[in-house]
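Hi,

Here is the structure I said I would pass on. Have a look at it first, and then read my notes below.

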Amino acid sequence: MAKSKSKSINLALQGGGAHGAYTWGVLDRLLEEDKLEIAAISGTSAGALNGAAVKSGLLDGGHQGAKDKLEWLWGEIGAADHTYLDGWMSGVNISSVSHAVQHSPMFMAIDAVSRISSPYAYGPFYAHPLRNIVEQFSFDRVCAMDGPELYICATNVRTGKIRIFSHDTISTESILASGCLPTIFQAVEIDDPATGRLESYWDGGYMGNPALFPLFEPELPDDILIVNINPLHRENLPRSAQEIQNRINEISFNGSLFRELRAIHFVRRLLSDGRINPGTMKNVLIHMVADDDLMNQLSVATKLIPTPPVLRKLKQSGRDAAETFLRNHWGDINVNSTVDLRDMFD
């Protein structure tokens, strides 16, 4: 893999709860490429957390600083680096662990409560489990004008529209809003200068998982690398209540991404057919790192309950997938799209 020429790319990071550790692995490997510049990041939910860690880490200590910040983030979430377990973990069946968690008393209690009770029922005892972690971000770095552009997506509950947070509008509240599943968390309230009122927000995945359109700005590179967590394809019909609800969420959270990819495909067809002049609209080059086979082995439980063996396995799988992408497609970055949108939609 020749790497004599520097490359520049935008990242689009999906949400998927604790399965975002897969994206951690992808980013960890990408950050080892000195000749790869991250120009902008659009993230939702876990993608927002990963994006904030990368940006603040880059400004603190370059590529190694970003790797260290990601390691810190996922260590706080639950992926403690117990090196003495590495040999044992190599033989762990990730599917068995995930389904064991699904049938654990803890997850069954969380699932049951979420189906019959509102998160507002907790009253003054309610607390967001990620708040203490997110508050530790250096927001002077996360919100800085330097470094990669960072866009965080949330859904306005009142209007149903997407809101993109960037620069000084990014805060603890906006990151928490980006991953606010309404059956588990209370809506996050944030002042909106456009409406002059306090608006409530739910998970950005409903309207942008992640949003691609902020990455269409002319000063940004044409390439968008999507790190996909929610499987696009599931062969087996979901039958249990948990499996059905999980697949509904996967389809819903992939829907907004499909809509934007279809729009990109339409514009590329117009450009290739000569129906619009080059430069009139951006010729976006799409790349994707995903592992549907792995994600099909996992249950919804390990999205909600961080499980150290699963998190570390997801990280390694993400690193492996990024390594394969770089080996096979380094020469395509800034040159060709490596996702066949025509095949995806036609």
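Let me start with Arg29, which counts as buried at 9% relative accessibility. Keep in mind throughout that this is a predicted model.

So what does Arg29 pair with? Its partner is Glu323, and the two side chains form a salt bridge with an N to O distance of 2.5 Å. The contact joins distant parts of the chain: Arg29 sits in helix α1 (residues 21-30) and Glu323 in helix α12 (residues 308-329), 294 residues apart. Unlike buried Arg29, Glu323 is partly exposed, with 27% relative accessibility.

A second pair does something similar. Arg319 makes a salt bridge with Glu32, and 2.8 Å separates the closest N and O atoms. Since Arg319 belongs to helix α12 and Glu32 to the loop between α1 and β2, this pair ties together parts that are 287 residues apart in sequence. Glu32 is partly exposed, at 36% relative accessible area.

Glu323 also has a partner within its own helix. Its side chain meets that of Arg327 in a salt bridge, at 3.8 Å from N to O. Both residues are in α12, four residues apart, or about one turn of the helix. Arg327 comes out as partly exposed, with a relative accessible area of 47%.

Put these together and you get a network of salt bridges that links Asp28, Arg29, Glu32, Glu33, Lys67, Arg319, Glu323 and Arg327. Over the whole structure, the search finds 18 salt bridges. As a reminder, side chains of opposite charge can pair when their charged atoms come close.

On to the nonpolar side of things. The largest nonpolar core has 60 residues, and those with the most contacts inside it are Leu11, Tyr22, Phe137, Ile170 and Ile175. Which element gives the most to this core? That is α2, with 11 residues.

Tyr22 is worth clicking on. Leaving aside residues up to four places away in sequence, Tyr22 touches Val227, Asn228, Val289, Ala290, Asp291, Leu294, Met295, Leu314, Ser317, Gly318 and Ala321. Apart from the 60-residue core lies another core, this one of 18 residues, including Ala39, Leu212, Leu257 and Val284. In soluble globular proteins, nonpolar side chains tend to be buried together.

Last, some backbone geometry. Most residues other than glycine have a negative phi, and most peptide bonds are trans. Here are some spots to look at with that in mind:

- Ser45 has a positive phi, near 55 degrees, and is not a glycine. You will find Ser45 in the loop between β2 (36-43) and α2 (46-77). Ser45 is buried, at 13% relative accessible area.
- His167 also has a positive phi without being a glycine, at about 50 degrees. The loop that holds His167 runs between β4 (162-166) and α8 (172-178). With a relative accessibility of 19%, His167 counts as buried, because the cut-off is under 20%.
- The peptide bond from Asn209 to Pro210 is cis, with omega near -10 degrees. Pro210 lies in the loop between β6 (197-203) and β7 (223-227).

If you open just one view, I would pick the pairing of Arg29 with Glu323, and then follow the network from there to Arg319, Glu32 and the other members.

Cheers

Note on methods:
Residues numbered from 1 in each chain as written. Predicted model: local features only at pLDDT ≥ 70, side-chain atom pairs only at ≥ 80, totals over all residues. Heavy atoms only, no water. Helix = DSSP H or I, 4+ residues; strand = E, 2+ residues; numbered from the N terminus. Buried < 20%, exposed > 50% of the residue type's maximum accessible area, 1.4 Å probe, protein only. Salt bridge = Lys/Arg side-chain N within 4 Å of Asp/Glu carboxyl O. Core = buried A, V, L, I, M, F, W, Y, C linked by side-chain atoms within 4.5 Å. Contact = heavy atoms within 4.5 Å.
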